[in-house]
Amino acid sequence: MAEEVFVASIDQGTTSTRFIIYDRSAKPIGSHQLEFTQFYPKSGWVEHDPMEILESVKLCIAKAIDKATAEGYNVDSGLKAIGITNQRETTVVWSKSTGSPLYNAIVWMDVRTSSICRKLEKELSGGRTHFVESCGLPISTYFSAMKVMWLLENVESVKQAVEEGDALFGTIETWLIWNMTGGKDNGMHVTDVSNASRTMLMNLKTLDWDESTLDTLGIPAKILPKIVSNAEIIGNISKGWPITGIPIAGCLGDQHAAMVGQSCRKGEAKSTYGTGAFILLNTGAEIIKSTHGLLSTLAYKLGPNAPTNYALEGSIAIAGAAVQWLRDSLGIIKTASEIEELALKVDTSGGVYFVPAFNGLFAPWWRDDARGVCIGITRFTNKSHIARAVLESMCFQVKDVIESMHKDAGDTENEKREFVLRVDGGATVNNLLMQIQADLLGSPVLRPSDIETTALGAAYAAGLAIGVWSENEIFSSGEQEKFTIFKPLIDDAVRKQKADSWCKAISRTFDLADLSH
């Protein structure tokens with residue numbers, strides 16, 4: 001009998017951690033998922049405990065292996081490599097000598113750095129787009145560089161550790177890799193090109209830290225990790241973990257991993273619906289500069305000598321998080337899955353439009369002065385209308401981004417063939433959400449049978465690095481995949497009316513950040 005071969009991935013997201021083990025045919029054979037604590041110390045602030053994240057990863061690995069072993073799989077001898085994928089931009093600074101975090105992780109959606117952003121926009125000659133030429137990103141609270149500046153300015157222990165040469169900076173994958181490869185005993189201080197591209201500090205062309213940006217922002221190069229590709233052996237897992245000696249061989253930010261998991265080639269786009277929603281269009285070897293509020297970013301680089309693929313990205317801060325808000329803050333639903341049933345009780349949102357600008361709006365608007373609104377409410381409005389408006393808000397935001405992409409990319413690719421949106425992420429199990437998305441886009445939506453393509457993409461990268469799969473196998477997997485296709489069912493006139501109403505709702509969210517408490 002052929003030896004069993006398994007590749008696994010750590011998927012460290014914004015609200016939960018999971019570990020999934022795949023067999024040679026990329027079928028999941030064991031997994032475990034854990035939610036962890038979200039801290040909101042002040043309005044607009046969002047933090048995680050880096051130690052709790054480490055513990056959640058340890059537990060998920062142990063439990064997933066137990067489950068797979070109980071099913072008769074010999075994971076202990078068959079596991080060949082693991083990949084890591086993670087929430088991007090979330091920033092950790094820790095002590096090299098003690099291994100302890102010097103502050104909680106500041107999460108990507110946290111907006112405490114807005115005053116630093118305003119100040120830089122005023123002071124720098126290029127304003128908001130000062131660094132776009134090198135890193136493809138505007139000055140925004142979203143990116144890690146601003147969070148590092150805040151820590152350097154406001155946290156004494158961080159300042160002191162930097163002065164003493166004891167501070168290390170990383171996004172979540174860097175924190176995990178350092179701890180998993182030895183920690184304070186020579187742990188590897190490494191990031192990958194996709195995560196590094198979201199810090200504002202990496203030059204998109206050279207794929208190295210940009211010295212002039214570091215100088216301008218006053219961020220010392222010595223605290224930064226080494227940048228590697230998305231598919232190469234980084235190091236082996238050290239003692240103290242449920243698995244030891246296994247190579248970490250793939251690493252990608254969550255949205256980039258989803259592109260690999262969805263087999264997105266040049267000209268193809270995917271939308272991942274998680275806490276936020278993230279739409280990426282693979283632009284191949286070309287860095288396309290957006291004139292419509294999108295980000296130029298890296299798609300993936302599958303090996304040290306592999307070509308670099310770039311992408312246009314539209315990031316939406318609040319997608320699935322709006323459903324969590326309905327559940328946890330308003331109590332309108334008890335579980336996230338109930339929203340579909342509730343929204344199906346009505347045929348339309350009854351003229352209600354909801355914009356979840358809880359911490360401002362990302363692409364294509366980039367307004368951190370925006371706040372959430374719900375308009376069009378009458379005595380006729382009930383909780384089903386609100387539920388449907390929340391689902392529609394996700395789809396309208398995705399539509400805004402995709403329209404911007406078509407304008408930026410010039411649509412040469414898409415004129416040759418019908419535009420199709422590939423979708424993934426937890427919220428895509430909601431059939432109503434997918435149908436609304438197709439209706440509002442006027443394009444088909446393709447949902448693969450395995451919607452957890454983020455974890456799959458990281459496993460593919462690790463498997464590619466150690467020779468379990470070839471690039472050809474990975475990118476042809478999308479053709480054999482079983483898809484559910486959602487086709488638009490509303491006509492263009494209705495689509496346009498709804499889009500116009502949505503734009504009216506968006507305009508009502510601006511300039512609300514200073515409302516009196």
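**View 1. What lines the largest pocket, by residue type.** In this predicted model, the lining of the largest pocket splits into 13 nonpolar, 21 polar and 9 charged residues. The pocket itself comes out at about 940 Å³. Altogether 43 residues line it, and if you head for its centre, the closest ones are Tyr273, Gly274, Thr275, Gly426 and Ala427.

**View 2. Strands and helices around the largest pocket.** Several elements chip in two or more residues each: on the strand side there are E1 (6-12), E2 (16-22), E3 (28-35) and E15 (269-273), while the helices are H10 (254-261), H11 (320-330), H12 (338-343) and H13 (383-409). H11 gives the most to this lining, with 5 residues.

**View 3. The second largest pocket.** This one has a volume of about 600 Å³. Its lining has 20 residues, and closest to the centre sit Tyr40, Ala321, Trp325, Ser329 and Phe358. Helix H11 turns up here too, with the largest share of the lining at 6 residues. By type, the lining of the second largest pocket breaks down into 9 nonpolar, 7 polar and 4 charged residues.

**View 4. A look at Gly351.** Gly351 sits in the loop that runs between H12 and strand E19 (353-355). Its relative accessibility is 44%, so Gly351 counts as partly exposed, a class that falls between buried (under 20%) and exposed (over 50%). Setting aside neighbours within four places in sequence, Gly351 is in contact with Ile375 and Gly376. Phe486 is 135 residues away from Gly351 along the chain, and the two C-alpha atoms are 24 Å apart.

Conventions: Residues numbered from 1 in each chain as written. Predicted model: local features only at pLDDT ≥ 70, side-chain atom pairs only at ≥ 80, totals over all residues. Heavy atoms only, no water. 1 Å grid on protein atoms, 1.4 Å probe; cavity = no way out; pocket = protein on both sides within 12 Å on 5 of 7 lines; lining within 4 Å. Points joined across faces, edges and corners; volume = space filled by probe spheres on them. Helix = DSSP H or I, 4+ residues; strand = E, 2+ residues; numbered from the N terminus. Nonpolar A, V, L, I, M, F, W, Y, C, P; charged D, E, K, R; others polar. Buried < 20%, exposed > 50% of the residue type's maximum accessible area, 1.4 Å probe, protein only. Contact = heavy atoms within 4.5 Å.
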